[in-house]
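Welcome to this short tour of a protein chain. Have a look at the picture and get ready to follow the chain from its overall form down to single residues.

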Amino acid sequence: MTKAKYKRVVLKLSGEALSGKKGFGIDEHTITRISSEIKRLNEIGVEIAIVVGGGNFWRGRSGKGMDRTTSDYMGMLGTVINALALQDSLETMEVITRVQTAIEMRQIAEPYIRRRAIRHLEKGRVVIFAAGSGNPYFTTDTAAALRAAEIEADVMLLAKKGVDGVYDSDPHENISAKKFEYLRYIDVLNLGLGVMDSTATSLCMDNKIPLIVFGIDSPENISNVVLGEKIGTEIKED
């Protein structure tokens, strides 16, 4: 049996990653490919928790002229839509999945309870965390870092659409942009690299959570990273 490098992982998926080439909403082919990789890891005993974004439907900063708190809550609802779609895709493949939301929605998902989430993982269930942290002014990247710390994940995986790691400048605008294979969290903060927001970066640094940033355009990268292949950029303390 293939042996994974990590036992318990938090996979952060952006909403855009689920939209595929459509750029908006959910692309069935894309979500099926991502689910297949999650199923592959689940079958070899990897405990998988997933945090989903909602940018394929709404971003908090999209609401120009709107109250920031209201706009952020709308974004959280978008993450719940994505979580339910991912759950449905996984369960179609006979992967037992639970959705937990930071905002209580008992008719469609469990409330987030740390001990229950850990128990689900120990039983081999995939857990999807939705609605971010439940608080406005915090991104889903920060929510992923928070959940990774709470469930004592071995690593946080940040799957990016359209980029295969961390660069010193935007590779889409600068063909000479340099890709980093390894960084320290303090380097990310000092250099102002747009990996995650500074709150999420600091949270990972303070709790010594390793982070691997890689491209999701090839969904098989999810499995390859967990199995130990050197892909993307690794960020951790010395």
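Which residue in β2 does L11 stand opposite? It is I50 that L11 faces there. Keep this pair in mind, and let us see what surrounds it.

## The chain as a whole

First, a friendly reminder: the model you are looking at is a predicted one. The chain holds 8 helices and 11 strands. Its radius of gyration is 17 Å, close to the 18 Å that the globule rule gives for 238 residues, so the chain is as compact as a globular protein of that length. If you lay the C-alpha trace along its principal axes, it spans about 55 × 50 × 35 Å.

How much of the chain is buried? Buried residues make up 51% of the 238 residues. A residue counts as buried when its relative accessible area is under 20%. Another way to see the fold is through its contacts: among those with a separation of 6 or more, 72% link residues that are 24 or more positions apart.

## Surface and charge

Now for the outside. The chain exposes about 11500 Å², and carbon and sulfur atoms supply 48% of that area.

The side chains also carry charges: 31 are positive and 32 are negative. The centres of these two sets lie 4 Å apart.

## The open sheet

In what order do the strands of the sheet stand? The open sheet is formed by 9 strands, in the order β4-β3-β5-β2-β1-β6-β10-β11-β9, and the pairing is mixed. At the edges stand β4 (110-111) and β9 (182-183), each with a single partner strand, so one side of each is left without a neighbour in the sheet.

We can now return to the opening pair. Strand β1 (residues 8-13) and strand β2 (residues 47-52) pair in the parallel sense, over 6 bridges. Within this pairing you find L11 opposite I50. As you trace a strand, it helps to know that in a regular strand the side chains alternate between the two faces of the sheet.

## Strand β3 and its two partners

Strand β3 (residues 97-101) includes Q100. Most of this strand is covered, with 4 of its 5 residues buried. It runs parallel to β5, and 5 bridges join the two. In that pairing, Q100 stands opposite F129. The pairing of β3 with β4 is also in the parallel sense and has 2 bridges; here T101 stands opposite P111.

Is Q100 buried or exposed? With 0% relative accessibility, Q100 counts as buried. Leaving aside neighbours within four places in sequence, its contacts include E110, P111, Y112, R116, H120, V127 and F129.

## Just before β3

I96 sits in the loop between α3 and β3. This residue is partly exposed, with a relative accessible area of 48%. Once neighbours within four places in sequence are set aside, I96 is in contact with R125 and V126. How far is I96 from P111 in space? The two are 17 Å apart, C-alpha to C-alpha, with their positions 15 residues apart in sequence.

## Helix α5 and the loops beside it

Is helix α5 enclosed or open? Of its 11 residues, 8 are buried, so α5 is largely enclosed by the rest of the structure. Among the buried ones are T140, D141, R147 and A148. The buried residues of α5 pack against β1, β2, α3 (68-92), β5, β6 and α7 (198-206).

Two residues in nearby loops deserve a visit. A131 is found in the loop between β5 (126-130) and α5 (140-150). Although A131 is not a glycine, it has a positive phi of about 70 degrees. With 0% relative accessibility, A131 counts as buried.

E152 lies in the loop between α5 and β6 (155-160). E152 is not a glycine either, but has a positive phi of about 55 degrees. Its relative accessible area is 57%, and E152 is exposed.

Key. Residues numbered from 1 in each chain as written. Predicted model: local features only at pLDDT ≥ 70, side-chain atom pairs only at ≥ 80, totals over all residues. Heavy atoms only, no water. Rg over C-alpha atoms; globule rule 2.2 N^0.38 Å. Buried < 20%, exposed > 50% of the residue type's maximum accessible area, 1.4 Å probe, protein only. Contact = heavy atoms within 4.5 Å. Areas by Shrake-Rupley, 256 points an atom, 1.4 Å probe, with all protein chains shown as cover. Lys, Arg positive; Asp, Glu negative; His and termini not counted. Charge placed at Lys NZ, Arg CZ, Asp CG, Glu CD. Pairing = 2+ DSSP bridges.
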